[in-house]
Amino acid sequence: MAARHLSLSLFVGLLAAIALLYWDDLELLRESITSVNRVRVQGQDAENEAKRVRGQNDTNNESPVELDKPTSNQTDGVDVTIEGVDDVETTGDGHAESLRTQGSANESSRDSPVCRPHFRAATNSSNPWSDQVKFKRIYFYHFRKAGGTNLRIYLGKVAAHHGLEYGVTEYGVAETPGEHPLPTLYVTIMREPVARSISHFKYEGRWDCRELVYNSTFHPTDENARKIEDWNETYGFEKSSCRYKKEGYKFHMTTCAVNCYSQWAAGLSCPWWEPPEHPGPGPEGYPKRKETPIAKQYDVAKAKLLSYNLIVITEWLKYPDYITSLERFFATPNFKSKHNSPWCEIQSHNANAKNPLNMSDATREKLTNLNAVDIHLYNELRSCSFPDYSIPAFDPTRFESNDTLRVDLGVYQKKLAISGKDGRRLKHRSWIRS
């Protein structure tokens with residue numbers, strides 16, 4: 001009897017050891033199976049979102065855009081090849097299809113919010129655009145490291161000057177025009193994608209900002225810096241990843257190296273996992289990682305951005321006439337007022353000044369090709385060249401002011417000078433009036 005109990009104990013112990021050995025595999029499998037049914041619709045969501053955004057833009061007449069065949073764009077003297085979108089895996093209910101006719105907020109990409117900003121309000125009604133509904137809110141989507149901090153603060157001043165609500169998103173998915181209950185004027189800013197990516201690497205990719213800001217014993221050098229050659233994934237140094245909650249996945253991207261505009265604007269780069277055909281230990285038994293094809297993300301991003309009222313181009317801000325046109329558009333002066341630097345900006349700038357980044361032509365070309373989809377998007381939206389744009393003057397009849405939100409410009413400017421980190425305290429109107 002004792003021997004039987006001993007054998008049973010050994011058997012139970014062996015089972016426990018096997019379970020412990022493959023615990024990570026079992027946990028990964030369990031998590032994937034419980035989450036897959038919740039997130040498999042992501043590919044279909046991409047299609048539905050594109051259709052919904054395009055529904056606001058059914059006046060489009062431009063030629064179809066196809067990215068499934070190799071295409072070349074020229075940027076900074078480097079040939080960019082867009083290829084391989086059909087190689088990206090997706091869900092069973094949606095495949096990597098070439099990009100067809102995109103929604104346009106106007107009649108063509110030449111009339112994009114870069115070239116032809118406007119004061120028409122996006123709606124969710126059968127008539128997607130309205131010249132009658134008055135704006136009560138300004139919204140700014142802050143693409144990271146595109147030069148948006150100054151514009152973000154300036155738009156806060158615009159909203160206060162005209163008595164409007166003000167909304168900002170950074171890190172998360174860009175708001176779709178027409179989805180907010182208040183009639184909203186939509187604004188964002190874009191910078192050449194490769195320049196933006198390199199700037200992002202120098203800002204918080206090369207060294208950890210927390211080390212630069214909080215660790216007084218840390219001295220940035222070439223030896224302890226991360227390499228630009230490794231800055232080649234969607235999330236910077238790693239592939240996209242999102243935490244899955246009970247309510248589903250939540251897109252949130254702080255660092256990004258590759259096709260960042262398409263990801264931030266669409267908010268569809270969270271991966272998911274499908275169960276293996278034969279679960280078990282080893283690679284063949286692991287869940288399979290799936291991603292929404294970048295072509296679909298581009299589709300949603302372009303349709304959404306074409307529905308914005310104004311897209312500012314960072315490279316054009318060096319031209320005084322462009323600045324003047326923007327100030328006339330918002331009827332608010334001092335677009336380029338000096339503000340406090342964003343968190344980590346001074347420290348990372350000084351670190352890069354002491355240790356200049358040496359980037360080979362091969363690395364730059366690789367990063368350019370990795371960002372081919374975003375370069376294509378950027379070139380389409382910025383289809384006009386400077387100064388071939390037409391920015392209208394502010395139209396007070398298109399706005400409905402709320403006097404309880406209005407702040408005198410002089411008071412606002414004084415508060416801005418003492419507001420601290422990049423003026424974010426200015427979103428609290430009660431503090432401005434105090």
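This passage looks at the enclosed space and the aromatic contacts in a predicted model.

Start with the empty space inside. Rolling a probe the size of a water molecule over the atoms shows where such space is left. Here the count comes to one cavity of 30 Å³ or more, and the volume of the largest cavity is about 40 Å³. Its lining is made up of Ile228, Glu229, Trp231, Asn232, Thr363, Lys366, Leu367 and Leu370. Sorted by class, that's four nonpolar, two polar and two charged residues.

Next come the rings. The whole structure holds 24 aromatic pairs. In one of them, Trp231 meets Phe237 edge-to-face, with 5.1 Å from centre to centre and 75° between the planes. Trp231, which also helps line the largest cavity, is buried, at just 2% relative accessible area, whereas Phe237 is partly exposed, at 31%.

Tyr319 and Phe386 make another pair: their ring centres are 3.8 Å apart and their planes sit at 15°, so this one counts as stacked. Tyr319 belongs to the loop between strand 12 (310–313) and helix 9 (320–330), while Phe386 belongs to the loop between helix 12 (372–381) and helix 13 (409–417), so the pair links parts that are 67 residues apart in sequence. Both rings' residues are partly exposed, with relative accessible areas of 29% for Tyr319 and 25% for Phe386.

Some rings gather in a group, too: Phe119, Phe135, Tyr154, Phe329, Phe330, Phe335, Phe394 and Phe399 form one aromatic cluster.

Finally, charges also turn up over rings. Arg120 lies over the face of Trp129, 5.5 Å from the ring centre, and the charged end of Lys145 sits over the ring of Tyr203, at 4.1 Å from its centre.

Notes
Residues are numbered from 1 along each chain as its sequence is written. This is a predicted model: local features need pLDDT of at least 70, side-chain atom pairs count only at pLDDT 80 or more; totals for chains, interfaces and linings use all residues. Side-chain values use heavy atoms; hydrogens and water are left out. On a 1 Å grid over the protein atoms alone, a cavity is a set of points where a 1.4 Å probe fits but cannot get out, and a pocket is an open set with protein on both sides within 12 Å along at least five of seven lines; lining residues have an atom within 4 Å of a point. Grid points are joined across faces, edges and corners, and a volume is the space filled by probe spheres set on the points. Ala, Val, Leu, Ile, Met, Phe, Trp, Tyr, Cys and Pro count as nonpolar, Asp, Glu, Lys and Arg as charged, and the others, Gly among them, as polar. Rings of Phe, Tyr and Trp (its six-membered ring) pair if their centres lie within 6.5 Å; planes under 30 degrees apart count as stacked, over 60 as edge-to-face and the rest as tilted. Buried means under 20% relative accessible area, exposed over 50%, partly exposed in between (1.4 Å probe, protein chains only). Helices (H or I, at least four residues) and strands (E, at least two) are DSSP runs, numbered from the N terminus. A charge sits over a ring if NZ of Lys or CZ of Arg is within 6 Å of the ring centre and within 35 degrees of the ring normal.
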